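Good morning, and thank you for coming. I would like to take you through one structure this morning, step by step. Please keep the sequence and the model in view as I speak.

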Amino acid sequence: MKPHVIKKVLSNGLTVLLKPSSVVPKVSVQLWYNVGSKDEKTSEKGIAHLIEHMIFKGTKKLSECDINLITHKLSGYTNAFTSYDYTGYLFDFPSQQWEPALNILADCMHNATFKEEHLNSELKAVIQELKMYKDSYTSSVVEDLVGMMFPDHPYHYPIIGYKQDLWSLKRESLVNFYKKHYIPNNATLVIVGDIDPDKTIELVKKEFGHLTPNFEYKKEVFYHGSDLQSKSVTIYRDVQLPSYIIAWEIPGAVHKVDYLVDIILWVLADGKGSRLYKKLVDERELVTDLDVFTYDLFDAGILFFYFQPREGVTFDQIIQVVHQELADIVTNGVTHNELVRAIKQVEVDQLSLLENLSKQAYELGKFYLATGDENYLYTRTQQSKDELAADVQSFVRNYLRPALMQRGLVEPISEQEKQHWLLLQELSDEEDARILSGRSREEAVEEGCQVKEIKVVPPKPFAFPRAKVFELDNGLKVLSHASSHLPKIDFLVDFVADHLYDPKGKEGISAFVAAMLLEGTKDYSAQEFADTAESLGMSISSSPGQIKMSVLSEDLPKALELLQQMLVHATMNNDAIERVRARMLAGLKEYWDAPEQFAGQLVRQDIYKDHPYSKNAMGTAEGVQAITRDDIIAHYKKYFSPCGARMAIVGDMKNYTLQQVLSEVLSSWKGTAVEPLVFPEIKPVKWHEVNYPIMRDQTVLYYGALSVSRLDKDYDKLLLFDQIFTGGVLGSMASRLFDLREQSGLFYTIGGSLLSRVDKDKGLIVIRTIVSNDRLKEAEVAIEYVIDSAINEVSDDEFTEAQQAIINSLVSAFESNISTAATLLALDKFGLPNDYFDTRAAHLAQTSKQEMQEVVKRYLTRERFVLVRVGRMGS
């Protein structure tokens with residue numbers, strides 16, 4: 001059988017893995033080092049992660065900004081990641097100009113400089129990152145559980161380290177760790193995308209072949225002794241609802257149990273047809289939400305379950321049910337239907353992975369480092385299924401026993417403890433300020449050097465998909481595109497009405513009805529519906545104004561039958577209504593416990609006032625409580641109409657006459673026209689500030705101002721400057737906002753958009769970040785200065801690169817079936833022509849830099865903004 005992956009090992013030990021794919025002209029390049037936080041010594045905690053940050057800070061040849069500037073100039077994206085077991089660096093580029101990634105990665109392998117000034121500013125950013133993670137309470141509990149489960153293994157220590165470790169790290173320590181581990185024979189280069197394999201191998205030899213290996217290098221093997229014990233950790237925080245996590249240690253990734261584990265996840269807790277969803281959500285009504293996920297660490301893995309309990313439900317009530325289900329599997333095994341459902345879902349997940357080059361490259365690199373098998377990612381689902389049921393039973397029996405279960409809880413803090421928590425945070429801020437004040441940066445951010453030598457290549461020709469359009473007799477408009485590279489079909493159904501139509505006092509009804517579409521129909525109970533869909537590997541979701549489905553090509557008729565049931569025969573059962581209501585109310589409480597999420601909603605409410613754009617798609621607690629069954633039925637009948645609705649369907653449809661199939665199945669779906677909304681005028685905003693007190697380690701800063709509508713003549717001008725100002729369509733780190741982070745280390749992350757939520761009416765300009773209280777004022781001054789001054793000086797190169805970034809990013813809209821469907825719907829929604837993508841470059845070329853600057857100056861000024869702060873401050 002022809003191998004999926006081409007493997008080549010250079011004479012210096014560098015492993016090269018190539019996976020050609022030509023669906024879109026893009027290439028993902030990732031360099032993986034077989035070193036992670038577990039390889040750190042006692043005095044080095046956090047060093048692997050800090051080196052990952054510092055690699056981008058320059059080499060003997062590359063300046064501090066060169067990597068970001070080169071990536072931006074070539075319309076690419078770059079990032080990096082550190083795990084317990086590995087460290088990786090990635091570039092995603094258009095395929096006509098991806099090769100510079102090799103030169104950069106090779107240079108970074110041996111020539112990183114780790115300048116002290118750069119270390120000082122980056123160390124401050126990493127401290128901000130650490131604080132950010134502390135405000136993610138589920139992540140904090142997970143980290144505590146990992147530490148408890150591995151007291152004798154380096155997994156005990158968090159990847160990012162502890163503040164006291166980071167404070168004391170010196171440049172010499174970073175250089176020593178880097179020189180020891182960053183060598184070609186400890187690295188794997190993964191390249192996935194539109195490449196010529198033979199030419200690529202020669203390019204890799206040219207860039208990496210001369211690098212010196214260390215064949216004396218050996219990986220340390222770490223001991224971990226398992227024990228028959230169960231531990232628990234509880235943290236108390238300012239939350240409205242508790243959340244519970246349980247965990248078990250399972251075999252590590254080196255043992256190739258991941259496919260079996262995926263099967264078990266689908267049997268136990270993935271999807272509405274899983275055992276625990278049926279028992280805990282539907283039958284016993286003990287939780288409103290549950291999730292299951294793994295840490296596929298190499299030496300030993302972890303299986304986690306997350307539960308959001310209903311009000312008044314205890315941890316023990318939930319765990320009793322979990323143990324009962326696990327015991328039943330040990331005693332009676334799993335059913336044939338459960339196994340078929342899980343197998344199919346894992347296979348479809350595998351297909352979906354192939355639609356994303358960067359994710360595919362990541363999984364290829366991870367599995368290769370763990371197993372040494374370059375084809376494992378593509379063969380893991382092809383294992384014999386003969387003993388799968390017995391393997392599931394054996395795995396549960398051996399690893400998921402009550403005596404081995406670890407537990408983590410996030411509980412609401414009591415009123416009497418809140419003052420003590422605040423005192424702890426203030427002491428922490430003071431200590432950070434004291435220590436980090438001695439690690440200042442005086443030098444300005446270095447200008448680009450090698451970026452001037454980089455040549456830009458025009459995009460490769462690409463046949464942008466165009467929709468075939470027809471209308472069914474019931475008024476449904478269909479946009480289709482055939483794509484046969486994978487045996488799957490994805491489609492979206494867009495309705496005229498979404499959450500903007502929610503009436504006053506019944507906010508959330510669109511989300512409520514959308515959820516009810518999956519809670520039973522005339523021919524299917526809620527459970528039968530879920531079982532039918534999931535047993536065929538289907539993915540179905542429903543949100544305000546839209547239904548999304550992903551199916552295997554062979555199952556399209558069944559998928560359309562289920563769609564018809566949702567659209568015509570939803571039953572709106574009373575018991576299901578109350579389950580959905582409870583889930584929505586819990587979701588709202590969880591949402592309003594997450595400042596990085598709700599800060600944007602506060603901005604929208606402040607700017608839009610009574611305009612429909614101020615509405616939260618989730619609704620309000622008062623609105624959800626007030627909704628009745630009669631309201632739900634009336635909304636369903638009035639707004640789920642084919643008149644004005646649109647369907648975009650993309651995939652392998654060669655065995656179907658699509659219009660005939662759709663007409664036969666959906667002919668019974670009838671409805672009347674839905675009146676379009678008439679938007680009120682949005683009043684201009686003048687500078688003001690809003691404080692929202694909540695007990696968190698850091699404060700969210702969220703700036704908002706009015707932008708334009710999608711069809712406004714100024715849209716393209718703002719789009720171009722958005723690339724320069726925020727990083728735009730590429731998420732580039734060569735942006736004015738990211739420059740602030742580079743110079744000061746004020747924040748770990750900062751981002752935004754000049755065209756947030758742009759639609760038929762005006763969208764928003766937003767800037768958001770998370771900052772420690774001790775640096776809050778400093779951050780505000782810096783951000784507001786950039787808001788007022790960024791447009792004043794724009795180089796010709798910056799402007800040209802912004803144009804190129806947008807042009808080169810166009811193909812990404814067609815990387816997957818579902819993104820293609822969404823793109824076709826967007827073109828239709830705004831009445832854009834069929835050749836929109838073909839003529840985009842010429843259209844952007846009509847805008848001059850001066851025109852862009854003149855327009856942006858009208859919009860990007862501090863006086864047009866509201867600033868919302870969410871954190872520890874007075875109201």
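**A strand and its partners**

Let us begin with strand S14 and strand S17, the latter covering residues 646-651: six bridges join them, and the two run antiparallel. Before going further, I should state that this is a predicted model.

Which residues face each other across this pair? Phe-491 has Ile-649 in S17 as its bridge partner, and the bridge partner of Leu-492 in S17 is Ala-648. S14 also pairs with S16, again in the antiparallel sense, and here seven bridges join the two. On that side, Val-493 stands opposite Ile-547 of S16. As general background, the strands of a sheet pair through backbone hydrogen bonds, and the pairing may be parallel or antiparallel.

Is S14 buried or exposed? Seven of its seven residues are buried, so the strand is largely enclosed by the rest of the structure. Its side chains can be sorted by direction. Lys-488, Asp-490, Leu-492 and Asp-494 point one way, while Ile-489, Phe-491 and Val-493 point the other way, and all of these are buried.

**The sheet around it**

We may now place S14 in its sheet. The sheet is open and has six strands, in the order S12-S13-S17-S14-S16-S15, with mixed pairing. Which strands stand at the edges? They are strand S12, residues 468-471, and strand S15, residues 539-543; each has a single partner strand, so one side of each is left without a neighbour in the sheet. On average, and with direction ignored, neighbouring strands are turned by 15 degrees against each other.

Helix H24, residues 658-666, packs on this sheet and touches S12, S13 and S17. The direction of H24 makes about 30 degrees with that of S12. Helix H29 lies across S13, S14, S16 and S17, and runs at about 145 degrees to S17.

**Helix H29 and a pocket**

Please stay with H29 for a moment, and find Thr-823, which has its place in that helix. Thr-823 counts as buried because its relative accessibility is 12%, and the cut-off for buried is under 20%. Leaving aside neighbours within four places in sequence, Thr-823 is in contact with Ala-813, Phe-814 and Phe-837.

H29 also leads us to a pocket. How can empty space in a model be found at all? Rolling a probe the size of a water molecule over the atoms shows where such space is left.

The second largest pocket has a volume of about 1700 Å³. It is lined by 50 residues, and the closest to its centre are Val-758, Asp-759, Ala-826, Lys-829 and Phe-830. Which element supplies the largest share of the lining? That is H29, with seven residues. Among the elements that each supply at least two lining residues are S14, the strand with which we began, and helix H21, residues 595-608. Helices H25 and H28 are also among them. By type, the lining divides into 29 nonpolar, eight polar and 13 charged residues.

**A sheet earlier in the chain**

I turn now to another sheet. This one is open, with six strands in the order S1-S2-S6-S3-S5-S4 and mixed pairing. Strand S1, residues 6-9, and strand S4, residues 77-82, are the edge strands, each pairing on one side only. The twist averages 15 degrees from one strand to the next.

S4 pairs with strand S5, residues 87-94, in the antiparallel sense over six bridges. Within that pair, Thr-82 has Thr-87 in S5 as its bridge partner. Helix H1, residues 47-54, lies across S4 and S5 and runs at about 170 degrees to S4.

**Two single residues**

Finally, I would ask you to locate two residues. Met-149 lies in helix H5, residues 137-149, and is buried, with a relative accessible area of 8%. Not counting residues up to four places away in sequence, Met-149 touches His-224, Ala-247, Trp-248, Glu-249, Ile-302 and Gln-406. Its C-alpha atom is separated by 9.4 Å from that of Asp-227, 78 residues apart along the chain.

Ser-414 lies in the loop between strand S11 and helix H16. With a relative accessible area of 29%, Ser-414 is partly exposed. The C-alpha atoms of Ser-414 and Asp-238 are separated by 8.4 Å, and these two residues are 176 residues apart along the chain.

Thank you for your attention.

Notes:
Residues numbered from 1 in each chain as written. Predicted model: local features only at pLDDT ≥ 70, side-chain atom pairs only at ≥ 80, totals over all residues. Heavy atoms only, no water. Pairing = 2+ DSSP bridges. Helix = DSSP H or I, 4+ residues; strand = E, 2+ residues; numbered from the N terminus. Axes fitted to C-alpha atoms, helices over the stretch in contact; angles between N-to-C directions. Contact = heavy atoms within 4.5 Å. 1 Å grid on protein atoms, 1.4 Å probe; cavity = no way out; pocket = protein on both sides within 12 Å on 5 of 7 lines; lining within 4 Å. Points joined across faces, edges and corners; volume = space filled by probe spheres on them. Nonpolar A, V, L, I, M, F, W, Y, C, P; charged D, E, K, R; others polar. Buried < 20%, exposed > 50% of the residue type's maximum accessible area, 1.4 Å probe, protein only.
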